[in-house]
Amino acid sequence: MTSLYFKYAAMNSGKSTQLLQAHYNYIERGMHPVALTARLDDRYGEGKITARIGIDLPAHTFGRETDIFEFIREQGKKNQVAALLIDEAQFLSEEQVFQCARVVDELNVPVLAYGLKTDFLGKLFTGSEALLRLADNIEEIKAICWCGRKATHTARISDGEVVRAGAQVAIGGNDMYTSLCRKHFVSGELGVQAKKAGRAA
Ligand SMILES: [Zn+2]
């Protein structure tokens with residue numbers, strides 16, 4: 001059965017690496033997957049999905065105005081779309097998640113959405129909340145806290161401290177975010193590396 005998948009995690013779980021692997025698996029079979037990422041994350045150049053292990057993939061981008069259903073229908077005129085792979089899926093709007101569901105149900109194209117579940121305050125992102133409600137298949141990709149427990153939260157750090165207020169979206173890498181278990185997210189206790197990174201920033 002064609003499905004809408006939501007694969008979520010905290011930062012540094014290897015989400016993008018998994019996306020790139022899935023993409024490669026389709027290519028290897030001579031199929032045409034479509035890769036999509038959020039336009040606002042241009043840390044590595046716009047329209048590129050970069051995995052921390054050092055490989056990257058050119059990708060289409062989505063913004064607020066993008067109609068995902070129409071986009072995939074257009075793509076399908078060129079080649080049969082084997083799958084839609086979305087990185088940074090937390091930035092989808094609720095409407096766009098419904099469009100992803102229509103891609104699955106009406107175009108019969110599987111959608112694999114990868115994203116963060118919660119923001120730096122521990123609240124659900126809009127896209128993630130909608131995906132948790134609508135996805136057929138939900139999978140947690142595990143990241144690890146500095147203490148060795150499963151990291152369930154992404155904390156924003158500044159000057160070696162966990163930030164507790166600010167805008168939901170502030171794009172940054174390991175100098176700005178770290179993955180923590182619930183206990184350390186709540187207490188704000190950081191590992192040595194994150195403390196250093198926060199200071200250097
Ligand atoms: Zn911990």
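Modeller: Let's start with a ground rule: two strands pair if DSSP finds at least two bridges between them. Strands themselves are DSSP runs of E with at least two residues, helices are runs of H or I with at least four, and both are numbered from the N terminus. Residue numbers start from 1 along each chain, as its sequence is written. Keep in mind that this is a predicted model, where local features need pLDDT of at least 70 and side-chain atom pairs count only at pLDDT 80 or more, while totals for chains, interfaces and linings use all residues.

Biologist: Fine. What makes E2 and E6 a pair, and in which sense do they run?

Modeller: Bridges. E2 and E6 share 5 of them in the parallel sense, so the bridge rule is met. As one example, valine 34 has leucine 84 in E6 as its bridge partner. On to E7: E6 is joined to E7 by 3 bridges, again parallel, with leucine 85 partnered by leucine 112.

Biologist: What makes E6 "mostly covered"?

Modeller: A neighbour count. A residue is buried if 20 or more other C-beta atoms lie within 10 Å of its own, exposed if 12 or fewer, and partly exposed in between, with C-beta atoms placed from the backbone. In E6, 5 of the 6 residues are buried. Over the protein chain, buried residues make up 40% of the 201.

Biologist: Which strands form the open parallel sheet, and in what order?

Modeller: The order is E5-E2-E6-E7-E1-E8, 6 strands with parallel pairing. Strand E5 (60–62) and strand E8 (137–140) each have a single partner strand, so they are edges, with one side of each lacking a neighbour in the sheet. From one strand to the next, the twist averages 20°. Axes here are lines fitted to C-alpha atoms, for helices over the stretch in contact, and angles run from 0 to 180 degrees between N-to-C directions.

Biologist: How do you know that E1 and E7 pair?

Modeller: E1 (residues 4–9) and E7 (residues 111–116) have 6 parallel bridges. One of them links tyrosine 8 to glycine 115. Helix H1 (residues 15–28) packs on this sheet, touching E1, E2 (32–38), E6 (81–86) and E7, and its direction makes about 170° with that of E6. Helix H2 (residues 68–78) packs on the sheet too, touching E2, E5 and E6, at about 145° to the direction of E6.

Biologist: What about the antiparallel sheet: which strands are in it?

Modeller: That open sheet has 3 strands, ordered E12-E11-E13. E12 (161–162) and E13 (177–180) are its edge strands, each pairing on one side only. E11 (residues 153–158) is joined to E13 by 4 bridges, so the bridge rule holds there. Threonine 154, for instance, has serine 179 as its partner in E13.

Biologist: Why is cysteine 147 classed the way it is, buried or exposed?

Modeller: Cysteine 147 has 12 other C-beta atoms within 10 Å, so it goes down as exposed. Cysteine 147 lies in the loop between E9 (143–144) and E10 (150–151). Leaving out residues up to four places away in sequence, cysteine 147 touches Cys181 and His184; contact means that the C-beta atoms, placed from the backbone, lie within 7 Å.

Biologist: And asparagine 12: why is it called partly exposed?

Modeller: Its count is 16 other C-beta atoms within 10 Å, which falls between the two cut-offs. Asparagine 12 sits in the loop between E1 and H1, and its phi is positive, about 65°, although it is not a glycine. Asparagine 108, in the loop between H3 (94–107) and E7, also has a positive phi, near 60°. With 12 C-beta neighbours inside 10 Å, asparagine 108 counts as exposed.

Biologist: How do you know that the protein chain agrees with a compact globule?

Modeller: For 201 residues, a compact globule would have a radius of gyration near 17 Å, and the chain has 17 Å, so the two agree. That radius is taken over C-alpha atoms, and the globule rule is 2.2 Å times the number of residues to the power 0.38.

Note on methods. Two residues are in contact if their C-beta atoms, placed from the backbone, lie within 7 Å.
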